[in-house]
Amino acid sequence: MTSCGLTMPGTDAALFGASPSSTARLPDPVLRVRPSLGRPSMASFRTRATMNETASASSGRTCTAPAGAEMSFYDLLGIPESVSLRDIKLAYKQLARKYHPDVSPPDRVEEYTQRFIRVQEAYETLSDPRQRALYDRDMARGLHLAFSARRRSSYHDDEEIGERGDWRNQWQSQVSELKRRSESRSVGGSDNMSWAARMRRQKAEMATNGL
Amino acid sequence: MASSLLRSTFLPLIHSQDGQSYASFHPKPTSTTFLSKKKNRGAVVAAAMESEEENFAMVEKFSEMKEKRMLDFSGNKPATPILDTINFPNHMKNLSLQELESLADELREEIVYTVSKTGGHLSSSLGVAELTVALHHVFNTPEDKIIWDVGHQTYPHKILTGRRSRMQSIRQTFGLAGFPKRDESEHDAFGVGHSSTSISAGLGMAVGRDLLGKDNHVIAVIGDGAMTAGQAYEAMNNAGYLDSNLIIILNDNKQVSLPTATVDGPAPPVGALSKALTRLHSSRKVRMLRESAKEITKQIAGPKTYGLAAKVDSYVRGMTGGPGASLFEELGLYYIGPVDGHDVADLVVLLKKIKSMPAPGPVLIHLITEKGKGYAPAESAADKMHGVVKFDTVSGKQIKTKTPTKSYTQYFAESLIAEAEHDKKIVAIHAAMGGGTGLNLFQKQFPERCFDVGIAEQHAVTFAAGLATEGLKPFCTIYSSFLQRGYDQVVHDVDLQKLPVRFAMDRAGLVGADGPTHCGAFDTTFMACLPNMVVMAPSDETELMNMVATAAAIDDRPSCFRYPRGNGVGTVLPLNNKGTPLEVGKGRVLREGSRVAILGYGTIVQNCIEAADKLQALGFQPTVADARFCKPLDGELIRMLAQEHEVLITVEEGSIGGFSSHVSHYLGLNGLLDGKLKWRPMLLPDRYIDHGSQKDQIEAAGLSSKHIAATVLSLIGHKESLHLMDI
């Protein structure tokens, strides 16, 4: 492991155009979309930035990933995505031991604490099979939300919010289409009318003719 | 905001650590040490995190999500301020969306509170709390018709339609029915209990409305489980063709069977349709496509390309319907969805829009809900707490009384497993009732030999017939009343061709709280009239195990046996639960006596024995016999009973046309009624017995031991002793 405690083999800083020590912002606070689609190919895009300890310590920014980099939970724990629960636990325990505030070196307290929190969160999500499944699904979709935001609400809710938004757009457009159809059907009279359309026409005629 | 965030995340994180890892690396863990250190950390780290604005932009997005209040499941009567103002749906018209959401939550609390005291169906009602609120807010029952398929999810509907004060009597004698009932309220548009009838009924109501020139709305609410039945497709096929205005709400919670789980835990729902429905709302590839499309447009900046990307998006959106949507569309229904079934605002907006359209035709709204939503013990239970007895609201634990004997269902499952261990050809089929039929136990032992076909009794029977042609030994385990749905298949596909399908009819006779919709009154009648069918009924659990073995042995013709809801009587079980085949067409005499003979069929024989005990106390010794077989009848036994006694009473827990009728025909044809014999049948009366406890129902039917004894007394002319029977 590196001195930062996070194994980050290789780097693809070029893709994200930022050096590890910069404090660039992410372009889109809501959607951090991964440019790739398939899961296997994502590994190459995923941030494997080396942690520049000196730089981060001096800038006061803790061991956060460079801008645009999405450190997934798997990266954080330093494990590949296909690990079993046992391996996740082992990785977590190692890191927790390292970053626990009580055992961290005094000058690095804040950054270690932050890292600890993240490691903790990563473990909590990945050790629950359901949450892990949701997390994996999100990653595949390219939706990677920040740790602390995720923690506030359960994983289930968050993923639903994203989904629900999609659904709402979809059914709203379906309803508009239905409205158009309904209006055209209540007016028109083609030859091939369904039973109900004939009844509707009859009713409309009765209404217009007065009774 | 940051510090509160941190605190809320930090503290639980510490405490959720497993103790072991601490002990191993920290020499002296003390909680006080942790706390003091935490305080400092909190402040410092908070400062560090302030600067991460990206995170908070995200947090803001999610703070839009309303912080829901914690629901009160403490076991005390929940405070329900909004619900208290509502007696009928017209009181809901002026509620705001916020109030409607609170109302749905109050309904949840009320239902958990009530059902915890009465028992009944829990989680299905919790899943439709928002839908019920939205429907009653937008539509006006009883003019508008809402038909709830199966009907066990109508507790919120009943509460909102003037029956809240009687909810504590639900499913009890003289209380509210557990299912919608037209007699009970004008807001119950259609009586249901068996599944998949709602669209058919709704279409009938819609067409009736059209013919009469009315303009009310008709809404049918059907679940994805009920959607697996053929009748639902028959109805949709017709609805699409007729094109009448009809709203079909597909309540999709990925629950098909009861339970949608094995004995070891949750399972995916059976059937290809379930998968198709899932594809409709989790089309991951398409979403990824859309996301990447968005990303591409961002990178290639410029208004032109953005326009292009928007077009791509809308095209893709058109594709997101997926294969299932086109199935509904092909049937002529307009598909809308998926829609979040727990978002009252969405539902109200959507329903209002459709309500305002003059000619939408048949519309199918695909709602995604979670069974048991809002009550954590139900959400996490494998069976979702579908049907419960009294339970503790805080923990969700049911208060099940320990009984000395198991249920007949369990004895059946155990003996079938024992048979299947000896005979590889035995297979079991059920229709989405793995829990109720006990076949989940069979499935655990023989996963490849247990078939859950979904709610499809007709298919189950013919499927079993097909298996039988290949030499297998299918045990088709379907509740007596649900087998009614597959009757033609029994007659035409099984009996006519004399295929050796075995029918295990659970819940025969009166069933208690579920009421007449689930009552198995007719199975003896409709099975015993079939020429090739062997029809038998055990009087206790040992007989049941022997009849399972008998059925397994009958390989040249179809056979069936019926057993009730309830527990065994405590007879000695055969070794390893493996029964011995009985001689077909032979009954047995349980008690020797004189003058009076009581011939029972099925578990009602236990009541006959009790009646004989009562009569013995008065000095009479009736003969008690267990017929065992309705077809073929034990002619010798009947002849002996008829010739050697003055009085013969046949007793069964079935409707007219069953065992007693067959016996009467036998007696008549053999001249046994030409002498001095007094023969009387005792059976279920010619009316539907209301829901209640099984004991009360037997009393209402006049088949308790008291009634049997009283009948004997009145026939032998000892009417003066009747008062001793305490009827």
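A charge sits over a ring if NZ of Lys or CZ of Arg is within 6 Å of the ring centre and within 35 degrees of the ring normal. Keep that in mind for the first view; everything here comes from a predicted model.

**View 1. Arg449(B) sits over a ring.** Here Arg449(B) lies over the face of Phe446(B). The distance to the ring centre is 4.5 Å, and the cut-off for such a pairing is 6 Å.

**View 2. Phe73(B) and Tyr375(B) meet edge-to-face.** Across all chains there are 12 aromatic pairs. In this one, the ring centres are 4.7 Å apart and the planes make an angle of 75 degrees, so the pair counts as edge-to-face. Look at where the two partners come from: Phe73(B) is in the loop between α4 (53-63) and α5 (97-118) of chain B, while Tyr375(B) is in the loop between β8 (362-368) and α16 (376-380), so the pair ties together parts that are 302 residues apart in sequence. Both Phe73(B) and Tyr375(B) are buried. Ring pairs also bring in Phe391(B), making a cluster with Phe73(B) and Tyr375(B).

**View 3. Phe328(B) and Tyr335(B) are stacked.** Now compare the angle: the planes of Phe328(B) and Tyr335(B) are at just 5 degrees, with ring centres 6.1 Å apart, so this pair is stacked. Are these two residues buried or exposed? Both Phe328(B) and Tyr335(B) are buried.

**View 4. Lys498(B) and its contacts.** Find Lys498(B) in the loop between α21 (487-495) and β13 (502-505) of chain B. With 34% relative accessibility, Lys498(B) counts as partly exposed. Setting aside residues up to four places away in sequence, Lys498(B) touches Asn532(B), Asp556(B), Arg557(B) and Pro558(B). Thr525(B) is 27 residues along the chain from Lys498(B), and their C-alpha atoms are separated by 19 Å. For the wider setting, an unreviewed UniProt entry annotates residues 406-571 of chain B as "domain: Transketolase-like pyrimidine-binding". That stretch, residues 406-571, is 40% helix and 14% strand, and its end C-alpha atoms are 11 Å apart.

**View 5. Ser705(B) and its polar partner.** Ser705(B) belongs to helix α28 (residues 705-715) of chain B. Its relative accessibility is 7%, so Ser705(B) counts as buried. Which side chain does Ser705(B) join through a polar contact? The partner is Glu610(B), at 3.1 Å. Glu610(B) also appears among the residues in contact with Ser705(B), along with Asn607(B), Ala611(B) and Lys614(B), once neighbours within four places in sequence are left aside.

**View 6. Backbone oddities in chain B.** Most residues other than glycine have a negative phi, and most peptide bonds are trans. Against that background, the bond from Leu258(B) to Pro259(B) is cis, with omega near -5 degrees; Pro259(B) is in the loop between β4 (246-252) and β5 (261-262). The bond from Gly337(B) to Pro338(B) is cis too, with omega near 0 degrees, and Pro338(B) is part of strand β7 (residues 334-340). As for phi, Arg171(B) has a positive value of about 70 degrees without being a glycine, and Ser196(B) has one of about 75 degrees, again without being a glycine. Arg171(B) lies in the loop between α8 (155-163) and α9 (198-212), and Ser196(B) lies in the loop between α8 and α9. Arg171(B) counts as buried at 12% relative accessibility, and Ser196(B) counts as buried at 0%.

How values were computed:
Residues numbered from 1 in each chain as written. Chains lettered and ligands numbered in written order. Predicted model: local features only at pLDDT ≥ 70, side-chain atom pairs only at ≥ 80, totals over all residues. Heavy atoms only, no water. Helix = DSSP H or I, 4+ residues; strand = E, 2+ residues; numbered from the N terminus. Buried < 20%, exposed > 50% of the residue type's maximum accessible area, 1.4 Å probe, protein only. Contact = heavy atoms within 4.5 Å. UniProt positions renumbered as here; feature names shortened; annotations may be inferred. Polar contact = N/O pair within 3.5 Å; in protein donor to acceptor, adjacent residues only side chain to side chain. Phe/Tyr/Trp six-rings, centres within 6.5 Å; stacked < 30°, edge-to-face > 60°.
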